[in-house]
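Open the structure in your viewer and keep the selection tool at hand. This tour goes stop by stop, telling you what to pick and what is there.

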Amino acid sequence: MANAIVIEGLHKTYRRLRGRPTVAIDGLSLEIEEGGVFGLLGPNGSGKTTTIRCLLGLVRPSAGRISVLGRPVPDGLAETLRSVGAVVESAAFLPAMTGREQIRLLAAIDGIPDRAADDALEAIGLAERAGDAVRTYSLGMRQRLALAAAILKDPALLVLDEPANGLDPAGMRDIRLLVRRLASEGRTVLLSSHLLSEVEQTCDRVAIVSRGRCLTAATVADVLAGAHPASLVRVVETDRDRAATLLGGIGALVEPAGDLLRVRGLQGQEIAATLGQAGLWPSELRPEERHLEDLFLELTA
Amino acid sequence: MSLLRIEIERSLRRRAVWALVAIAVVGIVIIATIAFVDSTPSHLASIVQRGDAHPAILIDWWRGEDDSLLLVGAVFLFLGGVIGGAAVVGGEWRSGSMATVLTWEPRRVRLLAARLAAIAWASFVVATVLQGLLLLAVLPAVLLHGWTTGADRAFAISLLLAVLRISAMTALVTSLSACVASVSKNTAAAIIAVWAWAGVLEGILRNVKPGISPWTLTANVPKVVTWSHLGEAASGRSPAAASVLLAGYGAILAVVAVLHFRRVDAISG
């Protein structure tokens, strides 16, 4: 499958008049295949937004190469961006103009007719307030307006930086459904977010970035599977210390997890056999269910 | 052409622009009211005797001198132009909408060139309309209290040309301010920089090095507006040459702004 986005050795350092230079991206490399939803996860200041700005030509990388939809950035941007819809960080519009005016003006740049702009507002659920000045919009409505602008080009690639920012739960669900629908139509969606549960529910693949570097990138299932699987074991309370000592003695990493013991480094049958031979029969033994959030916190700690 | 039209529309839909226009309209109403109330026959006679100008006397609308009605208006148009030009471009950076627009039109040279051309065109039109409103507003004072003596065809042409020159200089000042705002990415910084240059630095430079005076904005803009050959011997420059010089300054600053915009990171200033 072809790659929608290829990033190789990306570096970005912000130099300021005062203070030390800030390294925002430190050698990030990433390949994003065409189709599906790709999640870019990372804590604040990890370089997600700067990476997206580099992809869209808003920020000039200090070093590295970027290719979007087969064309180099920034040289091929004029052609590339005709097929890219984007929401960059906070959705920014001129406050005195109405939502409809802003979308129509943006559409006019690419020669998109007013009717398509109105359809995009309708699709995003903003048609009723489209005639109001943007300054009267809530943060969530501004996000919707930005999304309307992003889908207006009928893009092959959507780049969404924190698209659920400021949305209520219903709005977040709408965005999730919209993103999934767009991906099901064969588009590629790159989505950065700090809402891990949303990413887990929405994305097919994910990359976790921290301090400007990519820590891991794979399908959500593979990332979770490869993340030091743990087992949870329940034994009677009085045997808990002894069980921990026994399992620790054969190389497992054991820590308390509420009423249970979390055991890493051993398979379930090894745990059962070790405890059984010592007469400590576990009443519960199951693999721990990992969520992206746990892994995210673990990797970025 | 489409991008130019879009940029004109974006510029003219800015609140700051319409706030400035509203202030100008209020000022015009006040001037017209004062001109009407203050134009009793005896008062006008004493003004003429002293050789002073009054808006109720038609030929005083444009005499090419300091107390001409249009020259007074020009000062306020230039001030408004500095603020408006800086606000239109600086506001795009402040609101963050610059990044949004760049995801639609990444050809930065084309975008900024269209934006500067739009700002120049819009400020020319707005300045012309405001001057027309000013003249219309004081017309009742002329027709009911004052007189039109001496206002022949030659005067009408000189009046029209003066309006167009003032509009052109307003467009230039507005564009210069917009260029500075594009580089500084900040409205207030641009207004202060333009004011500091024209209001303070050029004055200091003239005192320290008098030979630089013919090259300053504050010497050449009035020369173009009045189209006066007075002082030509001292400066060695005709009004036409001053126009070319000012156009050159505008072009240089536009090129600097475009080159800066090509490389700058599109994050708010």
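## Stop one: a pair of strands

Select strand 11 (residues 230-234) and strand 13 (residues 260-264) of chain A; they pair in the antiparallel sense over four bridges. Remember as you look that this is a predicted model. Now pick out Leu232(A): opposite stands Arg262(A), in strand 13 of chain A.

Widen the selection to the sheet around this pair. What is the order of its four strands? In chain A the order is 12-13-11-14, in an open sheet with antiparallel pairing. Strand 12 (253-257) and strand 14 (284-287) of chain A stand at the edges. Each has a single partner strand, so one side of each is left without a neighbour in the sheet. From one strand to the next, the twist averages 25°.

## Stop two: the helices across this sheet

Add helix 9 (residues 240-249) of chain A. Helix 9 lies across strand 11, strand 12 and strand 13 of chain A. Against strand 13 of chain A, helix 9 runs at about 5°.

Next, add helix 10 (residues 268-277) of chain A. This helix lies across strand 11, strand 13 and strand 14 of chain A. Its angle to strand 14 of chain A is about 160°.

## Stop three: back to the start of chain A

Jump to strand 1 (residues 3-14) of chain A. Which strands pair with strand 1 of chain A? One is strand 2 (residues 22-33) of chain A, in the antiparallel sense over nine bridges. Find Asn3(A), which stands opposite Glu33(A) in strand 2 of chain A.

Another is strand 4 (residues 63-68) of chain A, also antiparallel, over five bridges. Here, select Ile7(A): its bridge partner in strand 4 of chain A is Ile66(A).

## Stop four: two helices that cross

Show helix 3 (99-109) of chain A together with helix 5 (residues 139-151) of chain A. Their axes come within 10 Å and cross at roughly 25°. That makes helix 3 of chain A roughly parallel to helix 5 of chain A. The crossing of these two helices is right-handed.

Turn on the side chains. Helix 3 of chain A brings Gly99(A), Ile103(A) and Leu106(A) to the contact. Helix 5 of chain A brings Leu145(A), Ala148(A) and Ala149(A). Five residues of this contact are nonpolar, one is polar and none is charged.

## Stop five: where the chains meet

Keep helix 3 of chain A in view and bring in chain B. How many residues does each chain give to the contact? Chain A gives 23 residues and chain B gives 23 residues. On the side of chain A that touches chain B, helix 2 (77-80) and helix 3 (99-109) of chain A are the elements that give two or more residues. Helix 3 of chain A supplies the largest share, five residues. By kind, that side of chain A has 18 nonpolar, two polar and three charged residues.

Now move to helix 3 (residues 41-50) of chain B. Is this helix well covered or hardly covered? It is hardly covered: of its ten residues, the count of buried ones is zero. Just after helix 3 of chain B comes Gly51(B), with a positive phi near 80°.

## Last stop: zoom out

Show chain A whole. Chain A holds eleven helices and 14 strands. Its C-alpha atoms fill a box of roughly 75 × 45 × 45 Å along the principal axes. Of its 301 residues, 44% count as buried. Among chain A contacts between residues at least 6 apart in sequence, 68% join residues at least 24 apart.

Conventions
Residues numbered from 1 in each chain as written. Chains lettered and ligands numbered in written order. Predicted model: local features only at pLDDT ≥ 70, side-chain atom pairs only at ≥ 80, totals over all residues. Pairing = 2+ DSSP bridges. Contact = placed C-beta atoms within 7 Å. Nonpolar A, V, L, I, M, F, W, Y, C, P; charged D, E, K, R; others polar. Axes fitted to C-alpha atoms, helices over the stretch in contact; angles between N-to-C directions. Buried ≥ 20, exposed ≤ 12 C-beta atoms within 10 Å, placed from the backbone. Parallel < 35°, antiparallel > 145°, perpendicular 65-115°, else oblique. Left-handed = near helix turned anticlockwise from the far one by under 90°.
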